[in-house]
Amino acid sequence: MPSLTGTRSTRDALLGVYAPPNEMFVSGEGSWLVEESGRRFLDFTAGIAVNALGYDAPVIRRAVEEALATGMIHTSNLFRTEPAEALAAELVEHTFPGRVFFCNSGAEAGEATFKFARRWAGGGAKHEIVAFRGSFHGRLFGTLAATDRPAYRAPFEPVMPGVRWAEVGDIESVRAVVDRATTAAVVIEPVQGEGGIRPVPDDFLRALRALCDEHEVALIFDEIQCGFGRTGDLFAFESSGVTPDMLSLAKPIAGGFPMGAVVLAPHVADTIAPGDHATTFGGGPLVAHVARAVLRTVAAPAFLDGVRERAARLDAALHELVAAGVGATTVRGRGLMKGVVLNRPAAPVVAAARDEELLVCGAGPDVVRLLPPLNVELAEIDEGIARLQRALEASS
Ligand SMILES: Cc1ncc(COP(=O)(O)O)c(C=O)c1O
C-alpha cells in the first residue's frame, strides 16, 4: 500500500484549530488505529461517533467500489441520481413521513434546520430559536449561537441573534422563553454529547412536544452524535414516542464520508421551494450509496441487538471501574455513548489512556467520553476498560 504519511515536520502546514498529540496514524482496522511505528491503539473515539462500523469495514469498501463503478462520484443537485433518492426514501421509512435534505456536516445540517424552521414559521418576528444549557450544535454562525459554549462564541460575535436559553428537564424554563409570536423552533439533542453525555428524559421530550404544539413551534431533534444506532435504538428519540418536526443527522451516516441530513415532516417540507436552500455536494451519488449501505447494516434488528449486548457489557465493565475507586465517580449515557465522570480533570486521563494505547476524548472538563464503534468486539470492551483503569491509576 502506498504510504499516505506526511512527516512530523509537516504539522505546521495545518491551521492550528486542533492540537493533536504526536501519534501519526497510517492505517485502521476494526476498532484499531495503527501508528507509523506499528503501535496499535484501541480507538474508543470512533472518529467522534463517525466510524460506526469501525475501520476498513467490508460493507463500506464494497459500497465504495460499487459507487465508483458507475463513474459518478458527484453530479450536483441540478440533476437526479438514484442513490440520494433511494437513501432519502429509506431514511423516511426509518424515521417519520416527510422529505430529506442532504448536506455535508453536522453544523450544516443544523444551520439548515434553523432556516427551514424560519421558512415554516413564516419569517418576520417568529424567528427565535430556543436551545438548552449544555447543548452543542456546531461551529457555524447559527449553530454556534445555539451552542452553550460562550467562550467559543465570544471572539466571533455577533453570531445569529434570537437564541433563547432553557434548562433540560425544566419545562417551565422552556415555557418562560417560548412565545407563539416570536419562537420558530426548539432544538435539543436527545442525548447531549459535547455537553457531558447527558441523556434527556423521555418525559421531557414529550413535554416539549406538547408545548411546541400548543404554541405552533417546530421541534428539532439533533441526533448528529446520538443517532444511527449509537443508543441501541436506531434513533435516540424512538423510546420517547415523540415525533419531531425535523431531525438532523450527520457523523456516522455515511460510515466516515462527510454527510449531513435533515428529515423534515411534511408540513415543514411543504413550505420549502426551489432556491430556498442549496449545497453543491449534498447527497452526491458516492456518499449516498455508501450511506444506504451503512443504514441497511445499522438498522437491521440483529445489528441493534448486538449494540445493546455490547452496551450491557460496557455498562458492567464501567460499573466495576467505578467500584474500583480509581477516580471514576459515575457513568452517564445510553448504549455505546458513555461519559465517565471523574473526580478530577479529564485531559490528563485522556493523555494517560494514550500511553496505554487507548484512544478516548473528553466531554466537558471532567468527563471521559467513550464512543467505541457499534461493532466493537466484547473482548475489546473489556480490554478498553482495563486500559482506562490503568490510565486512571497512572494519572491519579
Ligand atoms: C450533537 C451535535 N450536533 C452538531 C455537531 C456538529 O457537527 P460537525 O462537527 O459535523 O459540524 C456535533 C459535533 O460534535 C454534535 O455532537
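The legends below describe close-up views of a predicted model.

**View 1. Helix α4 and its two ends.** Helix α4 covers residues 106-121, and because its 16 residues should span 22 Å at 1.5 Å a residue, the 23 Å between its end C-alpha atoms agrees with that expectation. At the N-terminal end, S105 acts as the cap, with a side-chain oxygen placed 3.1 Å from the backbone nitrogen of E108. Along the helix, the buried residues are G106, A107, E108, A109, G110, A112, T113, F114, F116, A117 and A121. Just after α4 comes G122, which adopts a positive phi of about 95 degrees.

**View 2. T143 in helix α5.** T143 lies in α5, the helix of residues 141-145, and is counted as buried because its relative accessible area is 0%, where the cut-off for a buried residue is under 20%. Leaving out residues up to four places away in sequence, T143 touches A107, G110, E111, F114, H137 and G138. Of these partners, A107, G110 and F114 are among the buried residues of α4.

**View 3. H137 in the loop between β5 and α5.** H137 sits in the loop that connects β5 with α5, and with a relative accessible area of 4% it is buried. The side chain of H137 is joined to that of D222 by a polar contact of 2.8 Å. Apart from residues up to four places away in sequence, H137 touches G106, A107, T143, A146, T147, V187, I188, E189 and D222, so that T143, the subject of the preceding view, appears here as a contact partner of a buried histidine.

**View 4. Helix α8 and its packing partners.** The 14 residues of helix α8, residues 202-215, reach 20 Å from the first C-alpha to the last, close to the 20 Å expected at 1.5 Å a residue. Buried within this helix are F204, L205, L208, R209, L211, C212 and H215, and the buried residues of α8 pack against β5 (128-132), α7 (171-175), β7 (183-188) and β10 (218-222). The helix is followed by E216, whose phi is positive, near 50 degrees.

**View 5. The crossing of helices α10 and α11.** Helix α10 (residues 285-299) packs against helix α11 (residues 301-323) with the axes 5 Å apart and at an angle of about 65 degrees, and the two helices are therefore roughly perpendicular to each other. In this contact, T297, V298 and A299 of α10 meet P301, F303 and L304 of α11. Sorted by class, the contact comprises 5 nonpolar residues, 1 polar residue and no charged residues.

**View 6. V263 in strand β12.** V263 belongs to β12, the strand of residues 260-264, and at 0% relative accessibility V263 counts as buried. Setting aside neighbours within four places in sequence, V263 is in contact with T95, F96, R99, V100, D245, M246 and L247. The C-alpha atoms of V263 and F235 are 12 Å apart in space, while the two residues are 28 residues apart in sequence.

**View 7. E357 between α12 and β15.** E357 is placed in the loop between α12 (347-355) and β15 (358-359), and at 23% relative accessibility E357 counts as partly exposed. Not counting residues up to four places away in sequence, E357 touches R39, R40, F41, L42 and R387. Between the C-alpha atoms of E357 and L247, which are 110 residues apart along the chain, the separation is 36 Å.

Key: Residues numbered from 1 in each chain as written. Predicted model: local features only at pLDDT ≥ 70, side-chain atom pairs only at ≥ 80, totals over all residues. Heavy atoms only, no water. Helix = DSSP H or I, 4+ residues; strand = E, 2+ residues; numbered from the N terminus. Expected span 1.5 Å × (residues − 1). Buried < 20%, exposed > 50% of the residue type's maximum accessible area, 1.4 Å probe, protein only. Polar contact = N/O pair within 3.5 Å; in protein donor to acceptor, adjacent residues only side chain to side chain. Contact = heavy atoms within 4.5 Å. Axes fitted to C-alpha atoms, helices over the stretch in contact; angles between N-to-C directions. Parallel < 35°, antiparallel > 145°, perpendicular 65-115°, else oblique. Nonpolar A, V, L, I, M, F, W, Y, C, P; charged D, E, K, R; others polar.
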